[in-house]
Amino acid sequence: MGDIAATVETYWATAQARDWRAFGATLADDVRYELPQTRERVVGRDGVVRFNAEQLGEWSLEVERVVADTAQAVSWVRFSDEEDEEEETQGISFFTSGPDGRIQTITEFWPRAYEPPAGRDQPTERF
């Protein structure tokens with residue numbers, strides 16, 4: 001089994017570089033990619049590569065953190081629209097690896113920032 005943390009780092013680096021061949025090499029043939037917030041699923045390496053290459057427009061990402069054990073990892077990334085640099089989304093992605101060390105499953109959450117409810121001043125502070 002490979003190092004899932006290193007594979008996830010490569011997944012994001014090759015996505016940022018738009019190196020779709022290398023990006024695809026991080027994925028198992030029958031990878032399963034799910035987006036629970038939109039209830040979308042893509043199955044298979046070619047579909048996941050195509051989804052990422054064609055669906056997302058002009059963007060940039062920065063990996064904040066990858067945490068992993070031997071067979072699973074989670075990443076936190078900052079994703080920004082290159083046309084509107086003030087628009088930033090933070091994503092959390094969960095990965096599992098297959099027997100060959102490539103990524104077998106991906107589940108991504110891309111929450112939108114929002115203002116806290118009026119009157120909620122304590123015990124929180126804004127950052």
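This is a friendly dialogue on reading the features of a predicted model.

Me: Where do I start, and how many helices and strands does the protein chain have?

Reply: A good way in is the list of elements. In this predicted model, the protein chain has three helices and six strands. Read from the N terminus, the elements run α-α-β-β-α-β-β-β-β.

Me: How much of the protein chain is buried?

Reply: Of the 127 residues in the protein chain, buried ones make up 30%. Here a residue counts as buried under 20% relative accessible area. On the outside, the protein chain exposes about 8300 Å², and carbon and sulfur atoms supply 48% of that area.

Me: What share of the contacts comes from residues 24 or more positions apart?

Reply: Among contacts with a separation of 6 or more, residues 24 or more positions apart account for 44%.

Me: Let's go inside. Which residues have the most contacts in the largest nonpolar core?

Reply: That core has 22 residues, and those with the most contacts inside it are Y11, L27, Y33, F95, I103 and I106. At least two residues of this core come from each of α1 (4-16), β1, α3, β3, β4 and β6. Helix α1 gives the largest share, with five residues.

Me: Could we follow one of those residues? What does L27 touch?

Reply: Leaving aside residues up to four places away in sequence, L27 touches Y11, R45, V48, V49, R102, I103 and I106. Keep R45 and R102 in mind, as both return when we talk about charges.

Me: Then let's talk about charges. What is the general idea of a salt bridge, and how many does the structure hold?

Reply: Side chains of opposite charge can pair when their charged atoms come close. This structure holds eight salt bridges. One of them joins R45 and D29, whose closest N and O atoms are 2.5 Å apart. That pair links distant parts of the chain, with R45 in helix α3 (residues 45-54) and D29 in strand β1 (residues 27-35), 16 residues apart.

Me: Is R45 buried or exposed?

Reply: It falls in between: R45 has a relative accessible area of 21%, so it is partly exposed. R45 also belongs to a wider group, as D29, R45, D100 and R102 are linked in a network of salt bridges.

Me: Which side chain does E64 meet in a salt bridge?

Reply: E64 meets R78, at 2.8 Å from N to O. The two come from distant parts of the chain: E64 lies in strand β3 (residues 59-68) and R78 in strand β4 (residues 72-81), 14 residues apart. Both are partly exposed, E64 at 33% relative accessibility and R78 at 23%.

R78 has another partner too: the side chains of E88 and R78 meet in a salt bridge at 3.0 Å, N to O. This pair also links distant parts of the chain, with E88 in strand β5 (residues 84-97) and R78 in strand β4, 10 residues apart. E88 is partly exposed, with a relative accessible area of 40%.

Me: Now for the rings. How many aromatic pairs are there?

Reply: The count comes to nine aromatic pairs. To read one, look at the distance between ring centres and the angle between the planes. W20 and F23 form an edge-to-face pair, 5.3 Å centre to centre with 80 degrees between the planes. An angle over 60 degrees is why such a pair counts as edge-to-face.

Me: Where do W20 and F23 sit in the chain?

Reply: They are three residues apart in helix α2 (residues 20-25), so about one helical turn separates them. W20 is partly exposed, with a relative accessible area of 21%, whereas F23 is buried at 1% relative accessibility.

Another edge-to-face pair is F94 and F109, 6.1 Å centre to centre with 85 degrees between the planes. It links distant parts of the chain, F94 in strand β5 and F109 in strand β6, 15 residues apart.

Me: Which residues do ring pairs link into a cluster?

Reply: The cluster contains Y11, W12, W20, F23 and F95. Among these, Y11 and F95 already appeared in the list of core residues with the most contacts.

Me: And which residues form a nonpolar patch on the surface?

Reply: I92, F94 and F109 do, with about 230 Å² of accessible area together. F94 is partly exposed, with a relative accessible area of 41%. F109 is partly exposed as well, at 31%, and has its place in strand β6 (residues 103-109).

Terms used:
Residues numbered from 1 in each chain as written. Predicted model: local features only at pLDDT ≥ 70, side-chain atom pairs only at ≥ 80, totals over all residues. Heavy atoms only, no water. Salt bridge = Lys/Arg side-chain N within 4 Å of Asp/Glu carboxyl O. Helix = DSSP H or I, 4+ residues; strand = E, 2+ residues; numbered from the N terminus. Buried < 20%, exposed > 50% of the residue type's maximum accessible area, 1.4 Å probe, protein only. Patch = residues over 30% accessible without salt bridge, like charges linked within 9 Å, V, L, I, M, F, W, Y side chains within 5 Å. Areas by Shrake-Rupley, 256 points an atom, 1.4 Å probe, with all protein chains shown as cover. Core = buried A, V, L, I, M, F, W, Y, C linked by side-chain atoms within 4.5 Å. Contact = heavy atoms within 4.5 Å. Phe/Tyr/Trp six-rings, centres within 6.5 Å; stacked < 30°, edge-to-face > 60°.
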